[in-house]
Amino acid sequence: MKNLNFKEYLTSNIGINPSKLETCLSYQQIKYFKKGDFLVKEGDVCQYAYFVQEGILRVFYIDEKGKEHLLQFAPEGWFAADHESMYYRKASSYYIQALEDTTVYQLNDDFFEQLSLKDAAFSQMNQKLLHNHIHHLQKRIIQLIAFTAEERYKEFTRIYPDTLMRVPQTMVASYLGITPESLSRIRKDISQKK
C-alpha cells in the first residue's frame with residue numbers, strides 16, 4: 001500500500017498550478033473510515049466523490065434476494081462515487097464501504113466545477129477521468145456477458161494487481177460474477193498451467 005496525497009496526484013499527474021488548487025481544496029475534507037464503515041448506503045444521496053489516499057473501498061449493490069454484486073474496488077489512487085446519485089441528487093442504489101482502515105479526500109461537485117473553471121488542464125483531466133470511467137464500465141459489461149470466468153479473472157488481476165491479497169475471495173468472486181468455488185478452481189487451473 002502506498003499513501004497517495006491528492007494534491008501531489010493533481011499537481012504531478014496533471015500539472016495544475018498549486019495556488020489554483022489550494023483555494024478549491026480548502027473547502028474539501030480528508031476523512032478517515034474504519035474497516036467496515038459505510039461512506040454511502042442504498043437510499044442515501046451520494047454527495048461526494050472519494051479519492052482513496054490510503055486503504056481500499058468497494059462499491060456494491062444488493063439485489064432483492066439479498067445477494068451482493070460488487071461493481072468496483074477502489075484502492076489507492078482510485079476514485080469511488082455513485083455518479084448518478086451525485087449528479088441528479090437522487091437516492092443511491094449502491095453501497096460504498098471501506099474494506100480496510102481508509103483515508104479519502106472527500107470531493108463535492110463544486111470542487112470539480114471550480115477547478116475546471118480555474119484550470120484548463122484540470123478540466124481536460126476531469127473529462128478524461130469521466131471518459132475513462134465510462135470506458136471501464138462498458139468494458140466490464142462486455143466481460144460479464146462475453147468473457148469466460150478465467151478471462152474475467154485474468155483481467156481482474158491486471159486491473160487490480162495488489163487487490164487480490166487484500167480482500168476476501170468471496171468479494172473477488174462477486175466482482176467476477178462467479179461462485180467462490182469456481183474462483184478456487186480457476187486459480188488452481190491457472191497455477192497448474194504455469
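The exercises below, each with a worked solution, lead through the sheets, cores and helices of a predicted model.

Residues are numbered from 1 along each chain as its sequence is written. Because the model is predicted, local features need pLDDT of at least 70 and side-chain atom pairs count only at pLDDT 80 or more, while totals for chains, interfaces and linings use all residues, and side-chain values use heavy atoms, with hydrogens and water left out.

**Exercise 1. Work out the strand order of the open sheet that contains S3, and find which strands stand at its edges.**

Step 1. Strands here are DSSP runs of type E with at least two residues, helices are runs of type H or I with at least four, and both are numbered from the N terminus. Two strands pair if DSSP finds at least two bridges between them.

Step 2. The order in this open sheet of four strands is S1-S8-S3-S6, and the pairing is antiparallel. Strand S1 (29-33) and strand S6 (79-80) are the edge strands, since each pairs on one side only.

Step 3. Now follow S3 to its partners: with S8 it forms five bridges in the antiparallel sense, and with S6 it forms two bridges, also antiparallel. Alanine 49 has leucine 107 in S8 as its bridge partner, whereas tyrosine 50 stands opposite alanine 80 in S6 and phenylalanine 51 stands opposite phenylalanine 79 in S6.

Step 4. Five of the six residues of S3 are buried (under 20% relative accessible area, where exposed means over 50% and partly exposed lies in between, with a 1.4 Å probe and protein chains only), so S3 is largely enclosed by the rest of the structure.

**Exercise 2. Describe the surroundings of threonine 102, and decide whether it is buried or exposed.**

Step 1. Threonine 102 lies in strand S8, and its relative accessibility of 2% makes it count as buried.

Step 2. The side chain of threonine 102 reaches the backbone oxygen of glutamate 100 at 2.6 Å.

Step 3. Contact means heavy atoms within 4.5 Å. When neighbours within four places in sequence are left aside, the residues in contact with threonine 102 include Lys31, Tyr32, Phe33, Val52 and Leu57.

**Exercise 3. Which residues touch the most other members of the largest nonpolar core, and which strand gives the most to this core?**

Step 1. A nonpolar core is a set of buried Ala, Val, Leu, Ile, Met, Phe, Trp, Tyr and Cys residues joined through side-chain atoms within 4.5 Å.

Step 2. The largest such core has 27 residues, and Phe6, Leu10, Leu39, Leu57, Ile96 and Phe111 touch the most other members. Among the elements that each supply at least two residues are helix H1 (6-14), strand S8 (102-107) and helix H5 (120-146), while S3 gives the most, with four residues.

Step 3. A second, separate core of 21 residues includes Phe60, Tyr153, Met171 and Ile178.

Step 4. Return to phenylalanine 6, which has its place in helix H1 and is buried, with a relative accessible area of 1%.

**Exercise 4. Find how H7 is placed against the other open sheet, whose order is S2-S7-S4-S5.**

Step 1. This sheet has four strands with antiparallel pairing. S2 and S5 stand at its edges with a single partner strand each, so one side of each is left without a neighbour in the sheet.

Step 2. S4 and S5 pair in the antiparallel sense over six bridges, and phenylalanine 60 has leucine 70 in S5 as its bridge partner.

Step 3. H7 lies across S4 and S5 and runs at about 100° to S5; axes are lines fitted to C-alpha atoms, for helices over the stretch in contact, and angles run from 0 to 180 degrees between N-to-C directions.

Step 4. The buried residues of H7 (169-176) are Met171, Val172, Ala173, Tyr175 and Leu176, and what covers them includes S4, S5, H5, H6 and H8.

**Exercise 5. At what angle do H6 and H8 pack, and which residues make the contact?**

Step 1. Helix H6 (149-159) and helix H8 (180-193) pack at an angle of about 75°, and their axes are 10 Å apart.

Step 2. Angles of 65 to 115 degrees count as roughly perpendicular, those under 35 as roughly parallel, those over 145 as roughly antiparallel and the rest as oblique, so H6 is roughly perpendicular to H8.

Step 3. H6 contributes Ala149, Glu150, Tyr153 and Lys154 to the contact, and H8 contributes Leu183, Ile186, Arg187, Ile190 and Lys193.

Conventions
Polar contact = N/O pair within 3.5 Å; in protein donor to acceptor, adjacent residues only side chain to side chain.
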